[in-house]
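Okay, thanks everyone. I'd like to spend a few minutes on the strands in this one, so let me put it up on the screen.

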Amino acid sequence: MKVKVTIWLIVFIVFYMNAYSEDAFQEFKIKRKNTFEFTKKPEMKDAKNSTIISFAVKDFCDVTIAIENLDGKILRHLASGVLGANAPEPFKKNDLEQSIEWDNKDDLGKYIDDKSSIKIRVSLGLQAEYEKDLYYS
């Protein structure tokens, strides 16, 4: 009798977890908005030994900043994250207007001296998507 009750209890718990797990964990997810618009277009200003990239968005959303050459190859992955209360560094928390300082280096730590050969890409609303496993056997 105890075995049957235990089995039914396990089946009920598994069914409940599968049916309501998505709703239960929505509370703990980062709340991003689906408004992906600039209120101030991205601009780049030279500072002493660095470059300041500034922009403003309409609502808290995903932001990714990359430094590219003119062919579109990414030289520096500068920042990426969701703006808002838990925004990662170097973004300011709870601020729609952002200013990010770039040290003029690429991902390998080498200085990029010719700024006419680069462009800054600020992307809004990107979302990660699973593509494939690598080196899985």
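I'll go through two sheets and then finish on a single threonine.

Just so we're clear from the start, this is a predicted model. Let's begin with the sheet that has S2 in it. Three strands make an open sheet here, in the order S1-S2-S5, and the pairing is antiparallel. S1 and S5 are the edge strands, each pairing on one side only. From one strand to the next, the twist averages 15°.

Now, strand by strand. S1 covers residues 38-47, and it pairs with S2 in the antiparallel sense over seven bridges. If you want to find the register on your own screens, look at Lys40, whose bridge partner in S2 is Ala56. Further along, Lys45 has Ile52 as its bridge partner in S2. The two strands form a hairpin, with two residues between them. Have a look at Asn49 in that turn, by the way: its phi is positive, about 60°.

On to the S5 pairing. S5 is residues 97-102, and six bridges pair it with S2, again in the antiparallel sense. For a marker there, take Phe55, which has Gln98 in S5 as its bridge partner.

So how many of the eight residues of S2 are buried? Seven of them are, so S2, residues 50-57, is largely enclosed by the rest of the structure.

Okay, second sheet. This is an open sheet of three strands too, with the order S4-S3-S6 and antiparallel pairing. The edges are S4, residues 74-82, and S6, residues 118-124; each has a single partner strand, so one side of each is left without a neighbour in the sheet. The twist averages 10° from one strand to the next.

S3 and S4 run antiparallel and are joined by seven bridges. One pair to click on is Glu68 and its bridge partner in S4, Ile74.

Last stop, the threonine I promised. Thr64 sits in strand S3, which is residues 62-69. What does Thr64 touch, leaving out residues up to four places away in sequence? The list is Ala79, Ser80, Arg121, Val122, Ser123 and Leu126. With Ser80 there is also a polar contact, side chain to side chain, at 2.9 Å.

And while you're rotating that sheet, keep the usual rule in mind: in a regular strand, side chains alternate between the two faces of the sheet.

That's what I had, happy to go back to any of it.

Conventions:
Residues are numbered from 1 along each chain as its sequence is written. This is a predicted model: local features need pLDDT of at least 70, side-chain atom pairs count only at pLDDT 80 or more; totals for chains, interfaces and linings use all residues. Side-chain values use heavy atoms; hydrogens and water are left out. Helices (H or I, at least four residues) and strands (E, at least two) are DSSP runs, numbered from the N terminus. A polar contact is a pair of N or O atoms within 3.5 Å; within protein, one must be able to donate a hydrogen and the other to accept it, and residues adjacent in sequence count only if both atoms are side-chain atoms. Contact means heavy atoms within 4.5 Å. Buried means under 20% relative accessible area, exposed over 50%, partly exposed in between (1.4 Å probe, protein chains only). Two strands pair if DSSP finds at least two bridges between them. Axes are lines fitted to C-alpha atoms, for helices over the stretch in contact, and angles run from 0 to 180 degrees between N-to-C directions.
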